[in-house]
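Me: I have a protein open on my screen and I'd like to get to know it. Can you walk me through it?
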Amino acid sequence: MITHEVTNQVPLLVGHDVADSPVIDAALRRAGADAALEEVGEVGRAAGSARALELGDLAEAHPPVLRTHDRYGNRVDRVDYDPAYHELMRTAVGFGMHGSAWADDRPYAHLVRAAKFSIWQTVDAGHGCPISMTYASVPALRVDPQVAALYEPLLATRTYDPELRVPADKPGLIAGMSMTEKQGGSDVRANTTTATPQPDGTYRIVGHKWFTSAPMSDILLTLAQAPGGLTCFVLPRVLPDGTLNPIRLQRLKDKLGNRSNASSEIEYENATGWRLGDEGRGVRTIIEMVNMTRLDCTIGSAALMRQGTMQAAHHAAHRAAFGRTLIDQPLMRNVVADLAVEAEASLGVALWLASLTDAALAGDERAATLRRISLAVSKYYVCKRGPVHAAEAIECLGGNGYVEESRMPRIYREAPLLSIWEGSGNVAALDTLRAIAKEPETLAVLFDELGSVSGTDPRFDAFVGELKQQFADQATLELRARTVVGRLALGLQGALLLRDGHPAVADAFVASRLAGQWGTVLGTLPSGLDLAPIIERATPKV
């Protein structure tokens with residue numbers, strides 16, 4: 001029996017090109033990467049397909065399962081994943097989002113990889129963790145050329161092989177990271193895991209790790225206390241003789257989000273590791289990996305913001321209330337436009353950081369210095385904005401956004417992780433201040449970058465002048481770290497928008513974030529702004 005007619009429903013956002021972004025297109029063209037537009041578009045079309053959305057749903061609905069023993073009681077220390085997870089991994093590796101950029105000699109290889117990664121994250125964020133760690137492991141491995149020669153080529157191939165086998169016998173590898181311990185968390189110098197040197201040059205690793213994501217990775221980079229101090233090691237899950245390295249998986253974490261990814265507690269029971277770098281220089285070695293994963297945290301947060309904005313804009317364009325389409329309601333237009341401004345500013349700085357990575361790897365010292373401080377401030381601020389943005393995007397859909405079928409709760413659960421991962425807010429803010437104290441030239445080059453758009457907008461110039469005064473009182477700088485680092489990030493985003501962004505987006509950003517009384521509540525853009533082009537850029541074309 002039909003009791004009512006179903007009307008005023010929003011069509012599913014499916015079958016669109018997720019790569020259709022003015023920000024992505026402009027970033028690639030500025031870098032001279034026009035030739036890469038088609039390969040990035042291929043990722044975008046795949047990410048927007050019904051099949052990709054189905055895979056993401058399946059991977060989310062069927063989280064990994066830990067198998068510690070086989071039926072006979074033998075240790076196997078294995079994680080079983082839903083087939084959808086493996087297909088997502090296979091696709092991401094096939095598109096070269098893991099270690100392939102390091103084998104790509106194009107001058108914009110890391111920018112292209114960042115664009116692809118930001119697009120594919122809309123499907124499922126969980127499997128992005130091992131993809132990101134594989135990408136980030138290469139510069140740490142390069143500390144030891146012999147070890148790098150063994151693993152790097154296999155981390156760059158576009159073949160995904162999930163079976164646990166001797167790494168040298170596989171067509172492609174995935175890497176993971178194993179650093180934090182119960183007693184220390186972010187304070188890795190408090191680690192107690194020990195590494196005892198052996199006559200053959202290897203080390204025996206003994207201890208416990210509190211968070212090890214993607215433990216089924218072929219190799220794990222870890223920190224342990226060697227006789228000479230905290231040192232970095234690489235441990236294969238399977239040893240060269242074909243036996244399992246005694247890396248015991250204790251349990252999987254029951255997490256708020258990132259459900260398709262297995263995060264575990266592990267025990268090293270005299271596991272075999274190979275040293276990366278000198279003893280006592282573990283932090284310096286592993287920081288090369290951490291910096292790359294911090295870049296991916298920034299990209300990931302920006303990707304979630306863009307995804308939330310697209311969903312909100314799409315809903316508002318097709319849903320009516322009180323006699324008008326939502327997007328035609330002034331206050332909803334303000335909210336959607338403000339979401340779009342935040343998303344564009346965040347994605348713009350993330351892709352710019354990837355371009356700086358390309359330049360720094362090519363030997364540009366200024367780019368390397370600028371990247372050091374800009375990555376620190378952006379990782380702090382962009383990732384902090386993610387949860388606020390996700391909450392507002394859900395509200396645009398109302399109750400329809402609060403149910404799992406909308407996929408919006410996944411964004412909401414995922415957003416806090418990227419602020420916590422690789423240094424939570426306080427750690428990231430204090431790291432920025434330590435970098436400035438240790439290398440004052442980093443702050444000078446950042447202000448030089450802000451000065452490149454001096455005279456473009458008097459509101460921006462006034463903001464930069466006030467920002468410089470923030471460093472006058474050194475005695476209270478640590479207490480004000482979040483404020484100061486956040487304003488550095490805002491200044492950087494404003495400069496990039498004024499130089500490279502759409503005029504309407506730049507005007508809205510400066511008017512609200514830099515010159516106005518804007519706070520944490522989105523949808524408070526001042527009157528008099530041209531919101532039409534901002535909303536048009538944010539609305540997906542289906």
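Reply: Let's begin with a term. Helices and strands here are DSSP runs, numbered from the N terminus; a strand needs at least two residues in state E. Asn270, for example, sits in strand 9, which covers residues 263-276. Keep in mind that this is a predicted model.

Me: OK. What is odd about the phi of Asn270?
Reply: Asn270 is not a glycine, yet its phi is positive, about 60 degrees. Most residues other than glycine have a negative phi.

Me: Is Asn270 buried or exposed?
Reply: In between. Asn270 has 44% relative accessibility, so it counts as partly exposed.

Me: Which residue other than glycine has a phi near 50 degrees?
Reply: Ala214 does, and that value is positive. Ala214 is in the loop between strand 5 (203-213) and strand 6 (219-226).

Me: And is Ala214 buried or exposed?
Reply: Buried. Its relative accessibility is 2%, and the cut-off for buried is under 20%.

Me: Let's zoom out. How many helices and strands does the protein have?
Reply: There are 17 helices and eleven strands. The radius of gyration is 23 Å, and the globule rule gives 24 Å for 542 residues. Those two values are close, so the protein is as compact as a globular protein of that length.

Me: What box do the C-alpha atoms fill?
Reply: Roughly 75 × 75 × 45 Å, taken along the principal axes.

Me: How much of the protein is buried?
Reply: Buried residues make up 57% of the 542. On the outside, the protein exposes about 21,800 Å². Carbon and sulfur atoms supply 53% of that area.

Me: What share of the contacts join residues at least 24 apart?
Reply: 72%, counted among contacts between residues at least 6 apart in sequence.

Me: Show me one residue with its contacts.
Reply: Take Met89, which lies in helix 4. At 1% relative accessibility, it counts as buried. Leave aside its neighbours within four places in sequence, and Met89 is in contact with His127, Pro130, Ile131, Tyr160 and Ile174.

Me: How far is Met89 from Val403?
Reply: The two are 26 Å apart in space, C-alpha to C-alpha. Along the sequence they are 314 residues apart.

Me: Now an exposed one, please. Where is Glu365?
Reply: Glu365 is in helix 10, residues 365-397. Its relative accessible area is 59%, so it is exposed. Its C-alpha atom is separated by 43 Å from that of Val79, and the pair is 286 residues apart along the chain.

Me: Change of topic: charges. How many positive and negative side chains are there?
Reply: The protein has 54 positive and 64 negative ones. The centres of the two sets lie 3 Å apart.

Me: Why would charged side chains pair at all?
Reply: Side chains of opposite charge can pair when their charged atoms come close. In this model, the count comes to 40 salt bridges.

Me: Which residue does Glu38 meet in a salt bridge?
Reply: Arg45, at 2.6 Å from N to O. Glu38 is exposed, with a relative accessible area of 51%. Arg45 is partly exposed at 42%.

Me: And which residue does Glu87 pair with?
Reply: Arg51. Their closest N and O atoms are 2.9 Å apart. This pair links distant parts of the chain: Glu87 is in helix 4 (residues 83-94) and Arg51 in helix 3 (residues 50-61), 36 residues apart. Glu87 is partly exposed, at 28%. Arg51 also counts as partly exposed, at 40%.

Me: What about Arg513? Which residue is its partner?
Reply: Arg513 forms a salt bridge with Asp338, with 2.6 Å between the closest N and O atoms. Arg513 is in helix 16 (residues 503-514) and Asp338 is in helix 9 (residues 330-361), so the bridge ties together parts that are 175 residues apart in sequence.

Me: Are those two buried or exposed?
Reply: Arg513 is buried, with a relative accessible area of 4%. Asp338 is buried as well, at 0%.

Me: Last one. Which residues are linked in a network of salt bridges?
Reply: Look for Arg30, Arg366, Asp448, Glu449, Arg499 and Asp500, which are linked in such a network.

Conventions:
Residues numbered from 1 in each chain as written. Predicted model: local features only at pLDDT ≥ 70, side-chain atom pairs only at ≥ 80, totals over all residues. Heavy atoms only, no water. Helix = DSSP H or I, 4+ residues; strand = E, 2+ residues; numbered from the N terminus. Rg over C-alpha atoms; globule rule 2.2 N^0.38 Å. Buried < 20%, exposed > 50% of the residue type's maximum accessible area, 1.4 Å probe, protein only. Contact = heavy atoms within 4.5 Å. Areas by Shrake-Rupley, 256 points an atom, 1.4 Å probe, with all protein chains shown as cover. Lys, Arg positive; Asp, Glu negative; His and termini not counted. Charge placed at Lys NZ, Arg CZ, Asp CG, Glu CD. Salt bridge = Lys/Arg side-chain N within 4 Å of Asp/Glu carboxyl O.
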